[in-house]
Amino acid sequence: MHDMTAPQGGHALNRKELAADERREKRQILGLSLPAAAIILVLLVIPVGWLFALSFVSNGEIGLANYTRMIEYSAYLSIFSTTILISLFVTLLCIVLGYPVAYLLGQMPPRLATIGLAFVIIPFWTSILVRTYAWLVILQRQGIVNDALIGIGLIDEPLRLAHNLTGTVIGMTHVMLPFLVLPLYATVRNIDGDLMRAANNMGASPARAFRDVFLPLSMPGLIAGSLLVFILCLGFYVTPQILGGGRVIMVSMKIQQNVQTYFDWGAGSALGVVLLLIVFAIFYLVHRLAGLDRIFAR
Amino acid sequence: MACSITIRDVRKTYGQFVALDSVALDIAPGEFLTLLGPSGSGKTTLLMILAGFIRPEAGSITVDSDEILRKPPHLRNIGMVFQNYALFPHMSVGENVGYPLKLRKVGAAERYERAREALKLVQLDHLMDRRINQLSGGQRQRVALARAIVFEPQILLMDEPLSALDKKLREQMQIELKHLHDRLGMTTVYVTHDQREALTMSDRVAVMNHGHILQVAPPREIYERPCDRFVADFVGESNFLPVEMRGDAATFGGAPLQLAEGQSAGSGNKALLVRPEKLDILGATPAPEHNPIDGTVEELVYQGETMLIYVTLTSGETIALRRGTRQQALSEMPRVGEPIRLGLHRDDTVLIDEAAHA
């Protein structure tokens, strides 16, 4: 009844041609993502696979020697626990320092927020090496901080701020902070201000409204940012190497030592594989607890 | 249970922009009052000041003689429905509605029962366990309403709550909201820019423009006896015809006008307000109580339930009138280019002060 003028068999009109157009468009889109896929294959999948294979080779023999060594020597356990504890602590510091920043940026009018965001991002434009040495200048025995504190008479002896755990944590937190702030800001920005007003209106004090409404809604960004910071910390090399002064040994340094000092690629690879497994385990855990699809779909 | 609201000299500016200019308004206990105006008229600002989200520079708002201006929003005990509903996406329907009760330390069992009852009022008690993103726009609207009334506030504020709904649902919800107000009886302040919505629902309508309240009156008075040209123009469709005043007598285009009672007073420039649906088409038969207006049919626009007819008057103005579209009316419809004599019944004449023209 709809269209009496349509010719017989009108449903087949142009059917093949339209379907072909559809297929061509899909091929084009697929073609565009091909270079990226190729780069990932060449630069990531193949090397990681190669290292994975190497980790089962020790002194020219195939076996689990590289892995059993990690269990036999307690030094390895302490390196792993140091790495994980430092990473956890840095993540926690980033949350404590970064949440208020992201919250503030989220409340600002968009133009001001963009400027504020620039201040968060600008350190990204400087090399990590430069930033780390800058911290050394600030934190060392005769550094700016110690000179200032002694100058105003607050302390007599310089504080030991560099070449130890303190320096490592300060430097790492500084480098990692944007990785927490950016995803958190993206989430916080999209929380409708009316939701907090609605909670206020129903009788929630500002603190209560934050706890019941804002915090739960910011969770996806907070978890994504924390995960990013924690995982980057696990493999962090430059900053702990320079600011730790050899007193803080993380997995990445052990890998470097194995490869560069002992030319033992197998041992280094095995450490890398274990680190990767830890990352997978954490992802799995977070996925079970919070649902990764929910976090990254935002 | 319902309380009165007294607003005095409330003023709010944003830099040079005067959002509210010494507004005063009395709202009776249990009244349904609508703030009607174009965007930027200050209606939402006034509502936000009532809720406590905007702090005015000066003024006083008392609820049953209690000053509330310096109370933070969470201590005001005023229910509010937000324009975008502001439902918590991380809570179920039942948790959303139960949240105000949770804040008032109501136990879980009673909370559930009262949330269910509030949802029953809006016919959604079967959806208590749904997530918010599983609801349609109309359902969200109802949940927001249930959440605003579940703690039995004495005052309910609504900020264009129906503007996101399609026309049919909006009109159905207007009636439902009205009935709900009749049942619960809380003092209600409703903000809208939709004049039809305001006329449909309110006990009284306050028409606002440029931070002023121009007229506060029942819907019928707002429509039939607008106080100035802005109100006449904003509410409903209107034609304005220039009128010459000589003492108590008025003439239009040289011919004397018969006026309704109470319309004869005054001097200065006046305009005759002519609503499109109040005009008759006069045949050859004389109609002594009608003011005749002559012109030529300019254009016919078929709009379904009515036909819009544009007529260019001999005096030069173009005015619109509406006719129903029953077959008989359609067959008698004038044609474009034909001369036509329109009639405005003497009781339908309304004179508007041109001086107050904003």
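Strand E4 (residues 58-63) of chain B is joined to strand E5 of chain B by 2 bridges, and the two strands run antiparallel. Within this pairing, Val63(B) stands opposite Asp66(B), a residue of E5(B). The model in which these strands appear is a predicted one, so the description that follows rests on computed coordinates.

**The four-stranded sheet of chain B**

The two strands just named belong to an open sheet of 4 strands in chain B, which has the order E2-E1-E4-E5 and antiparallel pairing. Its edges are formed by strand E2 (17-27) and strand E5 (66-67) of chain B, each of which pairs on one side only. Helix H1 (residues 43-51) of chain B packs on this sheet and touches strand E1 (5-14), E2 and E4 of chain B, while the direction of the helix makes about 115 degrees with that of E1(B).

E1(B) is joined to E4(B) by 5 bridges, and it is joined to E2(B) by 7 bridges. Thr6(B) has a place in both of these pairings, since its bridge partner in E4(B) is Thr62(B), whereas in E2(B) the residue opposite Thr6(B) is Asp26(B). E1(B) and E2(B) also form a hairpin with 2 residues between them, and in the turn Gly15(B) has a positive phi of about 60 degrees.

The bridges that join pairs of strands in chain B, in this sheet and in the one described next, are listed here.

| Strand pair | Bridges | Direction |
|---|---|---|
| E4(B) and E5(B) | 2 bridges | antiparallel |
| E1(B) and E4(B) | 5 bridges | antiparallel |
| E1(B) and E2(B) | 7 bridges | antiparallel |
| E16(B) and E17(B) | 7 bridges | antiparallel |

**The five-stranded sheet of chain B**

Chain B also holds an open sheet of 5 strands, in the order E15-E19-E16-E17-E18, again with antiparallel pairing. The edge strands here are strand E15 (279-281) and strand E18 (318-324) of chain B, and each of them pairs on one side only. From one strand to the next, the twist of this sheet averages 45 degrees. Inside the sheet, strand E16 (residues 290-302) and strand E17 (residues 306-313) of chain B run antiparallel and are joined by 7 bridges, and Val301(B) is the residue that stands opposite Leu308(B) of E17(B).

**A pair of helices in chain A**

In chain A, helix H2 (residues 65-72) and helix H12 (residues 265-290) pack at an angle of about 70 degrees, with their axes 9 Å apart. Because of this angle, H2(A) is roughly perpendicular to H12(A). The crossing in which H2(A) passes H12(A) is right-handed. On the side of H2(A) the contact is made by Asn66(A), Tyr67(A), Arg69(A) and Met70(A), and on the side of H12(A) by Gly266(A), Ala267(A), Ala270(A), Leu271(A), Val273(A) and Val274(A). The residues of this contact divide into 7 nonpolar, 2 polar and 1 charged.

**Confidence of the prediction**

Chain A averages a pLDDT of 89, and 94% of its residues score at least 70. Within chain A, confidence is lowest in helix H13 (residues 292-296), at a mean of 62, and highest in helix H8 (residues 193-202), at 95. Chain B averages a pLDDT of 91, with 97% of the residues scoring at least 70. For the model as such, the scores are ipTM 0.84 and pTM 0.83.

Key
Residues numbered from 1 in each chain as written. Chains lettered and ligands numbered in written order. Predicted model: local features only at pLDDT ≥ 70, side-chain atom pairs only at ≥ 80, totals over all residues. Heavy atoms only, no water. Pairing = 2+ DSSP bridges. Axes fitted to C-alpha atoms, helices over the stretch in contact; angles between N-to-C directions. Parallel < 35°, antiparallel > 145°, perpendicular 65-115°, else oblique. Left-handed = near helix turned anticlockwise from the far one by under 90°. Contact = heavy atoms within 4.5 Å. Nonpolar A, V, L, I, M, F, W, Y, C, P; charged D, E, K, R; others polar. pLDDT = per-residue confidence, 0-100.
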